[in-house]
Amino acid sequence: MSGGTPDAAQPPTAFDGTPDAVQPSTLTEPPSTLSVSVRGAAPISAHPRPPSTPSSSAPGATRLPSPAEPPSALSTLARGAAHPSPTGSPSTVFGGTPGADVFDALRAAPAKIDLSPGVPDLAAFPRGAWLRAERGVLNSLAPAELGYGAPRGTPVLRRAVANWLARNRGVLVDPDEVVIVAGVAQALGLLAQVLREDGITALAVEDPGSLGVRQHLWHWGLATPPVAVDAAGLRVDDLRDSGAPAVVITPAHQFPMGVVLDGDRRRQLIRWADEGGLIVEDDYDAEHRYDRPPVPALRSMLAEQVCYTGSVSKLLAPTLRVGWLLVPTRYREAVVAAKRFADLGNAALPQLVLASLMESGELERQLRLLRRRHIRRRDAMIEAIGADLPGAVVHGAAAGLHLVITFDADFPDADLAAAALARGVKTQPLSWHRQRPGRPGLVLGYAANPPTAVAEGVATIAAALRELR
Ligand SMILES: Cc1ncc(COP(=O)(O)O)c(C=O)c1O
């Protein structure tokens with residue numbers, strides 16, 4: 001457990017200023033002790049919250065399903081039966097157990113400033129480059145290429161993704177092994193179906209960990225036993241105790257707490273996998289890093305024990321719905337079959353355009369542009385939190401598109417999110433992403449708003465907090 005220094009104040013790493021498209025050899029193993037972005041004294045809680053903090057049964061706190069609940073109960077929750085249809089008002093969005101439609105409801109809510117996590121600077125989408133690439137693709141497209149394609153994706157994009165992963169994530173993979181999917185969300189759905197066929201009915205998940213990821217797994221009938229996360233990442237001892245045969249993990253930038261899985265934990269996890277455990281590596285935003293060197297994907301070391309997935313949702317835009325999935329040899333045909341019967345394969349035209357952007361270097365240019373813009377926005381958020389929310393502890397600001405603030409206090413964070421939304425600012429309560437009790441907090445996306453809006457959003461949250469007290 002470490003902390004004490006805000007990420008923004010840490011000296012730049014040796015990798016800052018080098019080209020963003022790194023060769024595999026420049027990817028470093030993470031340190032065994034990690035300096036987590038922390039303002040104030042309290043580090044990330046690795047354990048259930050202390051007695052003074054609210055429990056998940058406190059008024060306004062969300063009740064999330066326990067890992068012991070059978071898949072049928074989990075999929076009922078995933079279908080959203082516990083939640084009214086989305087109207088977008090603060091009380092319906094944050095008022096009870098978050099159902100499957102809770103993110104729809106949050107998106108539908110009118111707000112002046114949207115600090116929801118998970119989106120890059122969408123105003124920077126490279127419209128011109130996309131149009132030029134699409135024109136080039138259409139000019140050279142053979143008529144037959146407008147017919148039905150291969151379920152695993154167009155060969156051109158599979159090759160471009162393999163090259164991208166080698167340059168940026170240290171993953172060396174044959175293009176034939178790449179399956180193009182409709183984002184990480186679809187990858188999880190395909191995997192869930194295939195793993196269930198293989199007799200796996202529970203996938204352990206990080207706690208805190210993405211509610212959205214859990215919802216997808218519940219939908220496909222998998223239980224999601226929680227595994228604690230601390231300042232070094234996933235607690236592998238807790239994973240062992242869970243008895244789960246497989247785990248979903250975000251090692252490069254833990255969602256939501258933002259820690260990187262450190263060297264010791266990596267080794268422990270690799271040992272667990274060598275003994276038969278299966279890792280699902282969700283590399284959802286690993287390309288975005290600011291104050292720390294890149295770390296290679298687990299898949300780069302463990303091809304036959306890791307299912308690896310990523311997408312362009314955080315690089316370009318979620319609306320494209322394009323991602324990739326690599327699986328161990330034993331699951332390859334089953335995953336392709338699941339993709340075939342889901343949708344016959346991704347749309348070909350966007351695949352070809354994306355391949356062109358990847359191979360021309362345009363996507364790396366876009367990543368460098370985003371990094372510069374995101375850093376300014378991240379810094380504006382940290383500065384505003386320091387000025388307006390001095391009691392808040394900042395976590396995980398060295399990478400990604402969001403950070404987390406926690407409070408050393410006892411109140412339902414859903415109430416704070418509701419009060420902020422009533423004042424026009426959208427956020428996610430940290431309790432949505434918890435299965436076990438822990439400190440209240442907010443997950444705050446900074447990437448999608450200019451610095452002035454970020455600062456105004458934080459000031460509004462501070463005003464909402466004063467109103468609650
Ligand atoms: C941790 C995590 N995994 C997966 C996803 C889904 O990403 P995609 O758009 O690629 O389906 C998200 C979306 O925000 C996420 O936060």
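To start, a definition: the angle between a helix and a strand is taken between their N-to-C directions and runs from 0 to 180 degrees. Keep that in mind for the sheets. One caution as well: the model on the screen is predicted.

I'll take the smaller topic of four strands before the other sheet. These four strands make an open sheet in the order β10-β11-β14-β13, and their pairing is antiparallel. At the edges are β10, residues 392-395, and β13, residues 428-429; each has a single partner strand, so one side of each has no neighbour in the sheet. Look at the β13 edge. Its partner is β14, residues 441-445, joined to β13 by two bridges and running antiparallel. Within that pair, Gln 428 sits opposite Val 443 of β14. Now the helix: α12, residues 362-388, lies across β10, β11 and β14. The direction of α12 is at about 160 degrees to β10.

Next, the other sheet. It is open too, with eight strands in the order β2-β9-β8-β7-β6-β3-β4-β5, and here the pairing is mixed. Its edge strands are β2, residues 179-181, and β5, residues 233-234, each pairing on one side only. One pair to find is β7, residues 278-282, with β8, residues 306-311; they are parallel and share four bridges. In that pair, Glu 281 stands opposite Tyr 308 of β8. Helix α6 packs on this sheet and touches β2, β6, β7, β8 and β9, with its direction at about 155 degrees to that of β8.

Helix α6 brings us to the ligand. How many residues surround the ligand? There are 15, and the closest are Gly 118, Gly 183, Ala 185, Ser 311 and Ser 313. Two helices, α6 (183-197) and α7 (211-219), each give at least two residues to this shell. The largest share is from α6, with three residues. Sorted by class, the shell holds six nonpolar, eight polar and one charged residues.

Last, two helices packed together. The axes of α5, residues 155-169, and α11, residues 348-360, come within 8 Å and cross at roughly 35 degrees. That crossing is left-handed. Which residues of α5 and α11 meet? From α5 they are Val 156, Leu 157, Ala 160, Asn 163 and Trp 164; from α11 they are Gln 351, Leu 352, Leu 354, Ala 355, Met 358 and Glu 359. By class, this contact has eight nonpolar, two polar and one charged residues.

That is the tour.

Methods. Residues numbered from 1 in each chain as written. Predicted model: local features only at pLDDT ≥ 70, side-chain atom pairs only at ≥ 80, totals over all residues. Left-handed = near helix turned anticlockwise from the far one by under 90°. Contact = placed C-beta atoms within 7 Å. Nonpolar A, V, L, I, M, F, W, Y, C, P; charged D, E, K, R; others polar. Near = placed C-beta within 6 Å. Pairing = 2+ DSSP bridges.
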